[in-house]
Amino acid sequence: MSTAQTPATPTTPTIPTTPILEIKNLKTYFFLEKSTVRALDGVDLSLARQSTLGLVGESGCGKSVMAMSVMRLIQSPPGKIVEGQINLHRKETDKIIDIAKLDPRGQEMRSIRGGEIAIVFQEPMMSLNPLYTIGDQIAEAVQIHQKVGRKEALARALEMLTKVQISAPKQRLYEYPHQLSGGMRQRVMIALALSCNPSILIADEPTTALDVTVQSQILDLMNQLQADFGASIIIISHNLGVVSQMAKQVAVMYLGKIVEFAETRELFHNPLHPYTVGLLNSVPVLGRKGQKVLVPIKGMVPTPTEKIRGCAFAPRCPQAMKICHEQQPALREVQPGHQTACWLYEGT
Ligand code: SF4
């Protein structure tokens, strides 16, 4: 351990294979009447092709703002991407486009949203229209993004409902969202999201509202569909168990920044950042050795309204040192493929 005084050079998390999405120094702020909420404050992250990346952290860390920023669904005002890049490698041409620079309501972003990047939210009722049948909603999405007629779009809807293993898929085509159970609605959302064959699927707490058995079925389904469709997935969850079941790599977020990034197995067995250690110690994680007593992290995630001078975790960190309150540690690789932003590892 060292307490070196010079700030480290920032690094972007290692890219194991060709990336499909690269986020660089992304800052999304919300300008309120009396304050500015820095929900994302310099996020660097890379999603590899056909890989699953887990994004974890407590509520209020910025995980969902990250998803909404990538989808360009941040409500403006008061929200705005103020800096940074979201570089997407396009599906057909493989040209790189910075979607942070696109007009969120413009034609190009509308074709990317749903067609190349799709999202599944925690609560399907928020996304499904109660007035339209399931078949109508999936077929409409297909018709918007692919040049096909109504009959073909409905056939695609049936194919997708069958793929997500919903019971009686033909019958579901003509049913309304309120006629389905929570688990079935989430399957419909996944069918809807994958109906246009997107290259990236963002799943924001996709199983949080479901009971444990259905949760596990949905995760298995998503793993299966990823293998079938070859999409890259970002799975966002406060539940480390969910992430460990799906993700190849994990990024840990705290107060609008990535504080640790590693392969899933490495992160669970060798967490470096005190916040990650705290997260792992506060919940039971299946298969994690040596976990005997659950210890909650003290304090709460503060509201990110003030520019923080040192490490944002310092007020809650059991290992905080003098430098932690004075200078911000940068995310850097401290072991092969394992990055963290913490002064404890400076000089290693
Ligand atoms: Fe704790 Fe300091 Fe590391 Fe922040 S930089 S996590 S305060 S030891």
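How much accessible surface does the chain have, and what share of it belongs to carbon and sulfur atoms? In this predicted model, the accessible surface comes to about 16,300 Å², and carbon and sulfur atoms account for 54% of it.

A good place to start is the overall build. The chain contains 11 helices and 12 strands, and its C-alpha trace spans about 65 × 45 × 40 Å along the principal axes. For 348 residues, a compact globule would be expected to have a radius of gyration near 20 Å; the value for this chain is 21 Å, which agrees with that expectation. Buried residues make up 53% of the chain. Contacts also reach across the sequence: of those between residues at least 6 apart, 64% join residues that are at least 24 apart. As for charge, the chain carries 36 positive and 30 negative charges, and the mean positions of these two groups are 1 Å apart.

Attention can now turn to the interior. In soluble globular proteins, nonpolar side chains tend to be buried together. Here, the largest nonpolar core holds 109 residues, and the members that touch the most others are Leu21, Leu45, Ile99 and Ile202. Helix α7 (residues 182-194) supplies the largest share of this core, with eight residues. For a closer view of one of these core members, Ile99 can be followed to its partners: beyond the residues up to four places away in sequence, Ile99 touches Val70, Arg72, Ile86, Leu88, Met109, Ile112 and Ile117.

One of those partners, Val70, leads to helix α1, where Val70 is buried. This helix covers residues 63-71, and seven of its nine residues are buried, so α1 is largely enclosed by the rest of the structure. Along with Val70, the buried residues of α1 are Lys63, Val65, Met66, Ala67, Ser69 and Met71. Another partner of Ile99, Arg72, comes just after α1 and takes a positive phi of about 55 degrees.

A last stop is a charged residue, Lys27, which lies in strand β1 (residues 19-31). Is Lys27 buried or exposed? Its relative accessibility is 15%, and because buried means under 20%, Lys27 counts as buried. Apart from neighbours within four places in sequence, Lys27 is in contact with Leu40, Asp41 and Gly42, and also with Lys80, Ile81, Val82 and Glu83. Its contacts thus include the negative residues Asp41 and Glu83, as well as another lysine, Lys80.

Terms used:
Residues are numbered from 1 along each chain as its sequence is written. This is a predicted model: local features need pLDDT of at least 70, side-chain atom pairs count only at pLDDT 80 or more; totals for chains, interfaces and linings use all residues. Side-chain values use heavy atoms; hydrogens and water are left out. Helices (H or I, at least four residues) and strands (E, at least two) are DSSP runs, numbered from the N terminus. The radius of gyration is taken over C-alpha atoms; the globule rule is 2.2 Å times the number of residues to the power 0.38. Buried means under 20% relative accessible area, exposed over 50%, partly exposed in between (1.4 Å probe, protein chains only). Contact means heavy atoms within 4.5 Å. Accessible areas come from the Shrake-Rupley method with a 1.4 Å probe; for residues, only the protein chains shown count as cover. The place of a charge is taken as NZ of Lys, CZ of Arg, CG of Asp or CD of Glu. A nonpolar core is a set of buried Ala, Val, Leu, Ile, Met, Phe, Trp, Tyr and Cys residues joined through side-chain atoms within 4.5 Å.
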